[in-house]
Amino acid sequence: MSTKASQSRNRIDSILINQEWCKRCGICVAFCPKHVFEDDEEGTVSVPRPEDCIYCELCERLCPDLAITLVPQAQDAQAQEEGAHAKTAQDAGAQA
Ligand code: SF4
Ligand code: SF4
């Protein structure tokens, strides 16, 4: 099972739609299990409920035009922060 992987990627920072690439097919709107997307009468897709995203990656995989980018929540930033803490601790240790 891939529960470990999904648990490690269950936080999303933002969902980006490249409107130039999007052909307004509505697949993301139809298939997102959490109804994160909406489209208007012209088919323009918006992301009104990004906080409901469970990071299943379905939209990113199904979008025929690769117009959707899921941005994970600050894993890099968190790692950098942890790295900074570690560095600070090292610096403190070096100074002591
Ligand atoms: S699946 Fe992709 S191309 Fe289709 S409406 Fe959504 S973002 Fe646009
Ligand atoms: S990753 Fe899943 S829950 Fe999140 S917006 Fe895409 S289809 Fe919806």
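A residue is near a molecule or strand if its C-beta atom, placed from the backbone, lies within 6 Å of it. This is a predicted model, in which local features need pLDDT of at least 70, side-chain atom pairs count only at pLDDT 80 or more, and totals for chains, interfaces and linings use all residues. Residues are numbered from 1 along each chain as its sequence is written, while chains are lettered from A and ligands numbered from 1 in the order in which they are written.

**Exercise 1. The two ligands**

Task: Find which residues come closest to ligand 2, and which come nearest to ligand 1. Then sort each shell by residue class.

Solution.
- Step 1. Start with ligand 2, which has 13 residues around it. Closest are Cys32, Val36, Cys53, Cys56 and Cys59.
- Step 2. Go to ligand 1, with 14 residues around it. Nearest are Cys22, Cys25, Ile27, Cys28 and Cys63.
- Step 3. Fix the classes. Ala, Val, Leu, Ile, Met, Phe, Trp, Tyr, Cys and Pro count as nonpolar; Asp, Glu, Lys and Arg count as charged; the others, Gly among them, count as polar.
- Step 4. Sort. The shell of ligand 2 holds 11 nonpolar, no polar and 2 charged residues. The shell of ligand 1 holds 10 nonpolar, 1 polar and 3 charged.

**Exercise 2. Confidence and layout**

Task: State how confident the predictor is over the chain, and where the pLDDT falls below 50. Then give the order of helices and strands.

Solution.
- Step 1. pLDDT is the predictor's confidence in each residue, from 0 to 100. Its mean over the chain is 81, and 67% of the residues reach 70 or more.
- Step 2. Residues 1–8 have pLDDT below 50, and this stretch has 0 contacts in the model beyond near neighbours in sequence. A contact means two C-beta atoms, placed from the backbone, within 7 Å. Where pLDDT is low, the predicted coordinates should not be read in detail.
- Step 3. Helices (H or I, at least four residues) and strands (E, at least two) are DSSP runs, numbered from the N terminus. The chain has 4 helices and 4 strands. Their order is α-β-α-β-β-α-β-α.
- Step 4. Take contacts between residues at least 6 apart in sequence: 60% join residues at least 24 apart.

**Exercise 3. The core**

Task: Say how much of the chain is buried, and which residues make up the largest nonpolar core.

Solution.
- Step 1. A residue is buried if 20 or more other C-beta atoms lie within 10 Å of its own, exposed if 12 or fewer, and partly exposed in between. Buried residues make up 11% of the 96 in the chain.
- Step 2. A nonpolar core is a set of buried Ala, Val, Leu, Ile, Met, Phe, Trp, Tyr and Cys residues joined through C-beta atoms within 7 Å. The largest has 11 residues: Ile15, Cys28, Cys32, Val36, Phe37, Val45, Cys53, Cys59, Cys63, Ala67 and Ile68.
- Step 3. Follow Ile15. Beyond four places in sequence, Ile15 contacts Val36, Val47, Pro50, Cys53, Ile68 and Leu70.
- Step 4. Follow Ala67, in the loop between α3 and β4. Ala67 counts as buried because it has 20 C-beta neighbours inside 10 Å. Its contacts beyond four places are Ile17, Asn18, Trp21 and Cys22. Ala67 and Trp21 lie 46 residues apart in sequence, yet their C-alpha atoms are 5.4 Å apart.

**Exercise 4. Strand and loops**

Task: Place Asp13, Gly43, Arg24 and Leu66, and explain why each has its exposure class.

Solution.
- Step 1. Asp13 sits in strand β1 (residues 12–17). It has 14 C-beta neighbours inside 10 Å, so Asp13 is partly exposed. Asp13 touches Val71, Pro72, Gln73 and Ala74 beyond four places in sequence.
- Step 2. Gly43 lies in the loop between β2 (38–39) and β3 (45–46). With 12 such neighbours, Gly43 is exposed. It touches Arg24 and Gly26 beyond four places.
- Step 3. Arg24 lies in the loop between β1 and α2 (27–31). Its 15 neighbours make Arg24 partly exposed. Its phi is positive, near 60°, though Arg24 is not a glycine.
- Step 4. Leu66 is in the loop between α3 (58–62) and β4 (68–72). It has 11 other C-beta atoms within 10 Å, so Leu66 is exposed. Leu66, not a glycine, has a positive phi of about 50°.
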